[in-house]
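I opened this model to look up its fold, its charges and a few single residues. My notes follow the order in which I checked things.

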Amino acid sequence: MMIIRPANFEVDAQAIIEGAKDFISRMDYTDFLPKTEEKLNFAILRILSLPGAEVTVAEQDGRIVGGLGVFYVPHLWN
C-alpha cells in the first residue's frame, strides 16, 4: 500500500537527498550545481530548511519511492 505524506526531514532527509541526486543525474543543468557531494548535500538540506519549502513523499513498504517539492517565495507577481 502506498502512503502519501508530508516529509519529515529528520527521518527522510537521506532519501530526499538520494532522490534529488537521481533527478539531477537526468538533467542538463549540472553546470549550475555544486561540484562535490558534500556541497550538494549541504545545498539540498539548506533549501529544505528554508521557510516556504514543502515536500510530500510517497512511501511504499516503508521505503520512499517518490516525492514532490514546492518552494514558496515572495515574488513581485505573487
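The entries below go from the whole chain to single residues.

**Entry 1: overall layout**

I note at the start that this is a predicted model. I counted the secondary structure elements and got two helices and three strands. Read from the N terminus, their order is β-α-α-β-β. I then looked up the extent of the C-alpha trace, which spans about 40 × 35 × 25 Å along its principal axes.

**Entry 2: burial and surface**

What share of the 78 residues counts as buried? I found 22%. The accessible surface of the protein comes to about 6300 Å². Carbon and sulfur atoms hold 60% of that surface.

I also checked how far along the chain the contacts reach. I took contacts between residues at least 6 apart in sequence, and 49% of these join residues at least 24 apart.

**Entry 3: a nonpolar patch**

I looked for nonpolar patches on the surface and noted one of about 290 Å². Met2, Ile4 and Val65 make this patch. I followed up methionine 2, which sits in strand S1, residues 2-6. Its relative accessibility is 44%, so methionine 2 counts as partly exposed.

**Entry 4: charges and salt bridges**

I listed the charges: 7 positive and 11 negative, with their mean positions 5 Å apart. How many salt bridges does a search of the whole structure find? The search gives four. I went through three of the pairs one by one.

The pair I took up at the start was glutamate 59 with arginine 5, where the closest N and O atoms are 3.0 Å apart. Glutamate 59 is in strand S2 (residues 53-60) and arginine 5 is in strand S1, so this salt bridge ties together parts that lie 54 residues apart in sequence. Are these two residues buried or exposed? I found both glutamate 59 and arginine 5 buried.

Next I took glutamate 37 and lysine 21, whose salt bridge has its closest N and O atoms 2.6 Å apart. Here the link runs between helices: glutamate 37 belongs to helix H2 (residues 37-49) and lysine 21 to helix H1 (residues 9-25), 16 residues apart. The two partners fall into separate burial classes. Glutamate 37 has a relative accessible area of 51%, so this residue is exposed. The cut-off for exposed is over 50%. Lysine 21 is at 17% relative accessibility and therefore counts as buried, the limit for that class being under 20%.

I then noted aspartate 22 and arginine 26, whose side chains meet in a salt bridge at 3.0 Å, N to O. Aspartate 22 counts as partly exposed because its relative accessibility is 37%. Arginine 26 is at 63%, which puts this residue among the exposed.

I also asked which residues are linked in a network of salt bridges. I wrote down Arg5, Asp12 and Glu59. This brings me back to the buried pair of arginine 5 and glutamate 59.

**Entry 5: a positive phi**

I checked the backbone angles and stopped at aspartate 61, with phi near 50°. That is a positive value in a residue other than glycine. I made a note of it because most residues other than glycine have a negative phi. Where is aspartate 61 found? I placed aspartate 61 in the loop between S2 and strand S3 (63-71). With a relative accessible area of 70%, aspartate 61 is exposed.

**Entry 6: two glycines**

Glycine 66 is in strand S3. Its relative accessible area is 27%, so I entered glycine 66 as partly exposed. Leaving out residues up to four places away in sequence, I found that glycine 66 touches Thr56, Val57 and Ala58. I also took a distance from glycine 66 to isoleucine 16: their C-alpha atoms are 8.8 Å apart, with their positions 50 residues apart in sequence.

Glycine 19 is in helix H1. At 39% relative accessibility, glycine 19 counts as partly exposed. From glycine 19 to valine 65 I noted 8.5 Å, C-alpha to C-alpha, for residues 46 apart in sequence. Valine 65 is already in my notes as one of the residues of the nonpolar patch.

Terms used:
Residues are numbered from 1 along each chain as its sequence is written. This is a predicted model: local features need pLDDT of at least 70, side-chain atom pairs count only at pLDDT 80 or more; totals for chains, interfaces and linings use all residues. Side-chain values use heavy atoms; hydrogens and water are left out. Helices (H or I, at least four residues) and strands (E, at least two) are DSSP runs, numbered from the N terminus. Buried means under 20% relative accessible area, exposed over 50%, partly exposed in between (1.4 Å probe, protein chains only). Contact means heavy atoms within 4.5 Å. Accessible areas come from the Shrake-Rupley method with a 1.4 Å probe; for residues, only the protein chains shown count as cover. Lys and Arg count as positive and Asp and Glu as negative; His and the chain ends are not counted. The place of a charge is taken as NZ of Lys, CZ of Arg, CG of Asp or CD of Glu. Patches are made of residues with over 30% relative accessible area and no salt bridge: like charges are joined within 9 Å, nonpolar side chains (Val, Leu, Ile, Met, Phe, Trp, Tyr) within 5 Å.
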